[in-house]
Every structure is written in C-alpha cells, then in structure tokens.
Amino acid sequence: MAYSEKVLDHYENPRNVGAFEKGDDTVGTGMVGAPACGDVMKLQIKVGADGVIQDAKFKTYGCGSAIASSSLVTEWVKGKTLDEALTIKNTAIAEELALPPVKIHCSILAEDAIKAAVEDYKKKHG
Amino acid sequence: MPFDFSQSHFVLFGLPTTFALDRAVLDTAYRKLQAEFHPDRFAAADDAQKRLSLQIATRVNEAYQTLKSPLARARYLLQLNGVDTQEDTNTAMPVDFLMQQMEWRETIADAKTQRNVDELEELNRQLAEEITELTVELAELLDEQHAWSDAATAVRKLRFLEKLNDEIGNAIEAVLF
C-alpha cells in the first residue's frame, strides 16, 4: 500500500514534535491509544488567556498515517478556540491525507486526541 | 450427522463457560471432533453430506482457534455476555497505561538502534511477565467478579501488549538477520 504524498510529507517532516514543560497549567494534554494497532498518541495544546490555541505539540508511536494525522492536527488546531478545535472531524483529516480505509482509525485517533486534550484543559480550568 | 451450530464453542468441546481453561481437555476434545467430522471421512457421501461435514469441520477449527488464544477466548466470552470489546473504536485508555506503552516503545527503539539483543531479550522477558499478570487479572474479572466492562478494558490492554510482543520479535529479527 502506497502512502499519499501528504502523508509522506508529514511523516518525513513532522510538524510540532515534542512536549511542553511539565506543570504548565495553560497546557491541555490528551493521550489516546488504538488497541487494534498499538498506536499511542500524545497531543498537547497551549491555550492563551483569550481561549485561543496558540501552539500544539505531539508525540506519536505508530505507523506513518498515525504520525501524519497527529502532525496535521497540530497545525489545524493553532489559532482555533477550544470549541472550534472540537469540530475537527476524523473524516476531514482522512480526506486531507487521502488515507485508505484501513488507515481511517489513525484519523479517529487524532480526533480523539484533540478531544482528550481540550477536555484535560477544561478540567484544569474548571 | 447431527450437529448444533447454535451451541457455544465451550459447549461444543464440553468445557465450562469460563476463561480458565484446561488446555489438555480442549486439545483432546478438539482432536476427537476433528476426526469425527473430517471431510476425508465423507469422500463417498453425497454432496449435501460433504458440504455439511466441511461446514462442521470449519466451525470446529474456528472454535478451537478461538478458545486456544487467551485474548480471543476473553473476547468471545465477553461477546457471549453481550459485551463488545471495542478494540477498533475505543481509544480512551488509562493515561498511566499509555505512558507505559510509550516508554516501552522508546526502550525497544533504543535497543534496536544500539543493536542490543540482550536488552531486547530482557524486554521480552519483562513483557512476558506483564502478559501473565494481565491474564491472571483477566481471569479474575471474567470468572469471579463478572466485571465485564473492566474485562473489556483488560482485553484492550492485552491487545497492546501482544503488539509490543510482535515489535520486540521484529526488532530482534532485524538485529540478528
């Protein structure tokens, strides 16, 4: 199975890899995993006082599609409010990266990671 | 050739419907049914009989493969109790478990880069211990507590550990060959 050019681009030059400093309470962290393939994804968002996501970072263990999906969403969430970030759907990720049906679960993982990160941030901030 | 296709795999082999399993009893019952319904025995029978014997032999094999594997057996037992293990859809695992998974992956990747087979073998041993512990926990959740939802989480965890097992195996192969 061949990866699309966009997947390869994100896979070879992943955007926003890494983590924010521990204990930073402007950061929300989402961790999710896909049992079927063993992929693990950690996505962090850094939120400004205005409620807009300023920066995002990720660390993913998994296949090229999982890495590309998380790399892509770190770009997409920047500049969005938390509620806007929650509207990102896995179908849009899959479409943008031209993921084949067997790799759709990678885009679901990325969508769930955003939700988990937003939820974590909201929990920290009541 | 009377055969009840609606009976469970456990009933088929005359086993109790539990996660705990006497492997010797399963193997003996399997061989007996396999011999009884083997398509070779129906070479002279009419087409309907041949087809039926093939269907039964296929079912017996499927049942054996399902019960033989702890992961598949647990999944099947939950299914009998109307619980879906959601291995393809549920991505919400306990955070500490996922952190551990990341650490495992990093350690495996490092050992592979350093071509350190001893380290990989040691990881394999540690992982085997974790799989055993989780299997014991699964038996308790399924057979004693009937805690189906927790058992489904344990099945998803086991799925991750089996994947790690494959990765360590692949890493060792990549270094050695």
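Chain B of this predicted model is built from 7 helices and 0 strands. Read from the N terminus, its elements follow the order α-α-α-α-α-α-α.

**Overall form of chain B**

Chain B has a radius of gyration of 20 Å, whereas a compact globule of 177 residues would come out near 16 Å. Along the principal axes, its C-alpha atoms fill a box of roughly 60 × 45 × 30 Å. Of the 177 residues, 25% count as buried. If you look at contacts in chain B between residues at least 6 apart in sequence, 66% of them join residues at least 24 apart.

The domain assignment splits the chain into domain 1 (9-68) and domain 2 (95-176). The C-alpha centres of domain 1 of chain B and domain 2 of chain B are 32 Å apart.

**Two helices of chain B, side by side**

Helix 3 and helix 5 of chain B can be described in the same terms, so here they are in a table.

| Helix of chain B | Residues | Number of residues | End-to-end C-alpha distance | Expected span |
|---|---|---|---|---|
| Helix 3 | 47-68 | 22 residues | 31 Å | 32 Å |
| Helix 5 | 95-113 | 19 residues | 27 Å | 27 Å |

For helix 3 of chain B, the reach is close to what 1.5 Å a residue predicts. For helix 5 of chain B, the distance between the end C-alpha atoms agrees with the expected span.

**Helix 3 of chain B**

Which residues of helix 3 of chain B are buried? They are S53(B), I56(B), V60(B), A63(B), Y64(B) and L67(B). These residues cover an arc of only 100° around the axis, and therefore sit on the same side of helix 3 of chain B. What covers them includes helix 1 (9-12), helix 2 (23-37) and helix 4 (70-80) of chain B. On the face turned away from that buried side, helix 3 of chain B carries the exposed residues D47(B), T58(B) and E62(B).

**Helix 5 of chain B**

In helix 5 of chain B, the buried residues are L98(B), Q101(B), W104(B), I108(B) and A111(B). Because their arc around the axis is only 150°, they lie on the same side of helix 5 of chain B. The other side of this helix holds the exposed residues D96(B), E103(B), E106(B), D110(B) and T113(B).

What do the buried residues of helix 5 of chain B pack against? Their partners come from both chains: strand 1 (27-34) and strand 2 (39-47) of chain A, together with helix 6 (117-144) and helix 7 (148-176) of chain B. After helix 5 of chain B comes R115(B), with a positive phi near 50°.

**Nonpolar cores**

The largest nonpolar core has 38 residues, and those with the most contacts inside it are M41(A), I45(A), L109(A), A110(A), A113(A), I114(A) and A117(A). At least two residues of this core come from each of strand 1, strand 2, strand 3 (53-61), helix 2 (64-77), helix 3 (82-86), helix 4 (90-97) and helix 5 (104-124) of chain A. Helix 5 of chain A gives the most, with 10 residues.

For a closer look, take A117(A): leaving aside neighbours within four places in sequence, A117(A) is in contact with G28(A), T29(A), G30(A), L43(A), Q44(A) and I45(A). Apart from the largest core lies another core of 13 residues, among them F19(B), L141(B), A151(B) and A152(B).

Methods
Residues are numbered from 1 along each chain as its sequence is written. Chains are lettered from A and ligands numbered from 1 in the order in which they are written. This is a predicted model: local features need pLDDT of at least 70, side-chain atom pairs count only at pLDDT 80 or more; totals for chains, interfaces and linings use all residues. Helices (H or I, at least four residues) and strands (E, at least two) are DSSP runs, numbered from the N terminus. The expected span of a helix is 1.5 Å times one less than its number of residues. A residue is buried if 20 or more other C-beta atoms lie within 10 Å of its own, exposed if 12 or fewer, and partly exposed in between; C-beta atoms are placed from the backbone. The arc is that of the directions from the helix axis to the C-beta atoms. Two residues are in contact if their C-beta atoms, placed from the backbone, lie within 7 Å. The radius of gyration is taken over C-alpha atoms; the globule rule is 2.2 Å times the number of residues to the power 0.38. Domain bounds come from an automatic or database domain assignment. A nonpolar core is a set of buried Ala, Val, Leu, Ile, Met, Phe, Trp, Tyr and Cys residues joined through C-beta atoms within 7 Å.
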